[in-house]
Amino acid sequence: MPYSEKKYKIKILKNGPYLVSENIPLYEKIIIQKGGVNEYKEGREILQAEEYALCRCGKSKNAPFCDGSHIQAGFIGTETASKEKYEDRAELCKGPGINLLDDNRCAFARFCHREDGNAWELTENSDKPEYRNEAVKAASGCPAGRLVAVDKTGKVIEPDYEPSIEIIQDPEQGTSGGIFVKGSIPIESSDGQLYEIRNRVALCRCGKSKNKPFCDATHVSIKFSNK
Ligand code: FES
């Protein structure tokens, strides 16, 4: 079945895992630094399945999958994130060659840092074509979807992703990261409402985000490790 006809979904269970349906490809990716910028290398192979439950509490002994530990741990997974649209929540930073939307939802993946500066600095200096290009890369590489480059005609610039889910490891920070959800997969709240469908979002898997279900980089400060 072509991607466009599949009914992909991530369903959040109250105080429990993320239920993933329709055979969404699942990978582990490891953040590495190369030549001053971050990139991914492939992690271990993860068993693919039609349906699976991803741990959201951070306590599973069979990560990234749920093993029921959330019950014993008394996990409270209350969703606190706004369901307002990204463009209504985001601030617009204007540059001479490109604009940048920023909703401040940071997963601390650091792809917004390029050799010549970060996404905001590159946007400020985007009258230079090479900085404009770098600003677009810095924004588009943000797995949380915090940053989105917008050209001067108002067109949003997004990377072309097919639906997939990536479990992140971040050895440079000595931590396991969040869950990167790519390719406009619908995410349904435990109350049955849908979050805005986006090309890129990062979900929390350490159980400690203050902006559940989304990652807020708390995994870094608590040195979350779940491999
Ligand atoms: S959500 Fe079930 S073990 Fe973490």
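Six bridges join strand E3 to strand E4, and the two strands run antiparallel. That is where I will start. Before going on, I should say that this is a predicted model, so please hear everything that follows as a description of a prediction.

The hairpin of E3 and E4 has two residues between the strands, and Gly-35 there takes a positive phi near 60 degrees. Further along the pair, Lys-29 has Glu-42 in E4 as its bridge partner. Keep Lys-29 in mind, as I will come back to that residue several times.

After E4 comes a loop that leads to strand E5, residues 52-54, and Glu-45 sits in that loop. Is Glu-45 buried or exposed? Glu-45 has 81% relative accessibility, and because the cut-off for exposed is over 50%, Glu-45 counts as exposed. Measuring from C-alpha to C-alpha, Glu-45 is 43 Å from Asp-127, and 82 residues separate the two in sequence.

Now the charged pairs. How many salt bridges does the structure hold? There are 15. I will go through three of them.

One is between Glu-166 and Lys-29, with the closest N and O atoms 3.8 Å apart. Glu-166 is in strand E12, residues 164-170, and Lys-29 is in strand E3, residues 26-34, so this pair links distant parts of the chain, 137 residues apart. Both Glu-166 and Lys-29 are buried. The pair also belongs to a network of salt bridges that links Lys-29, Glu-42, Glu-166 and Lys-182.

Strand E12 takes part in another salt bridge, between Asp-170 in E12 and Arg-110 in the loop between strand E7 (99-102) and strand E8 (113-114), 60 residues apart. The closest N and O atoms of Asp-170 and Arg-110 are 2.8 Å apart. Asp-170 is buried, and Arg-110 is buried too.

The third example is local. Lys-137 and Glu-134 meet through their side chains in a salt bridge, at 3.6 Å from N to O. Lys-137 and Glu-134 are separated by about one helical turn because they are three residues apart in helix H4, residues 129-140. Lys-137 is partly exposed, at 46% relative accessibility, while Glu-134 is buried, at 15%.

Two lysines from the network also sit by aromatic rings. Lys-29 lies over the face of Tyr-27, 5.6 Å from the ring centre. Lys-182 lies over the face of Tyr-161, 4.5 Å from the ring centre.

Next, the nonpolar parts. In soluble globular proteins, nonpolar side chains tend to be buried together. Which residues have the most contacts inside the largest nonpolar core? They are Ile-10, Leu-54 and Ile-165, in a core of 25 residues. Strands E1 (9-12), E2 (18-21), E5, E12, E13 (175-182) and E15 (200-203) each give two or more residues to this core.

Take Leu-54 as a case. Setting aside neighbours within four places in sequence, Leu-54 touches residues including Tyr-18, Val-20, Phe-65, Ile-165, Ile-167 and Ile-179. There is also a second, separate core of 22 residues, and among them are Ala-135, Ala-138, Cys-142 and Ile-168.

Last, the aromatic pairs. The whole structure has four of them. The rings of Tyr-52 and Phe-65 are edge-to-face, because their planes are at 80 degrees, with the centres 6.0 Å apart. Tyr-52 is in strand E5, and Phe-65 is in the loop between E5 and helix H1 (69-73), 13 residues apart. Both Tyr-52 and Phe-65 are buried.

Tyr-195 and Phe-214 form an edge-to-face pair as well, 5.3 Å centre to centre and with 85 degrees between the planes. Tyr-195 is in the loop between strand E14 (187-188) and E15, and Phe-214 is in the loop between E15 and helix H5 (218-221). Are Tyr-195 and Phe-214 buried or exposed? Tyr-195 is buried, with a relative accessible area of 4%, and Phe-214 counts as buried at 6% relative accessibility.

Finally, Tyr-40, Phe-111 and Phe-180 form one aromatic cluster. That is the end of my part.

Note on methods
Residues are numbered from 1 along each chain as its sequence is written. This is a predicted model: local features need pLDDT of at least 70, side-chain atom pairs count only at pLDDT 80 or more; totals for chains, interfaces and linings use all residues. Side-chain values use heavy atoms; hydrogens and water are left out. Helices (H or I, at least four residues) and strands (E, at least two) are DSSP runs, numbered from the N terminus. Buried means under 20% relative accessible area, exposed over 50%, partly exposed in between (1.4 Å probe, protein chains only). A salt bridge is a side-chain nitrogen of Lys or Arg within 4 Å of a carboxyl oxygen of Asp or Glu. A nonpolar core is a set of buried Ala, Val, Leu, Ile, Met, Phe, Trp, Tyr and Cys residues joined through side-chain atoms within 4.5 Å. Contact means heavy atoms within 4.5 Å. Rings of Phe, Tyr and Trp (its six-membered ring) pair if their centres lie within 6.5 Å; planes under 30 degrees apart count as stacked, over 60 as edge-to-face and the rest as tilted. A charge sits over a ring if NZ of Lys or CZ of Arg is within 6 Å of the ring centre and within 35 degrees of the ring normal. Two strands pair if DSSP finds at least two bridges between them.
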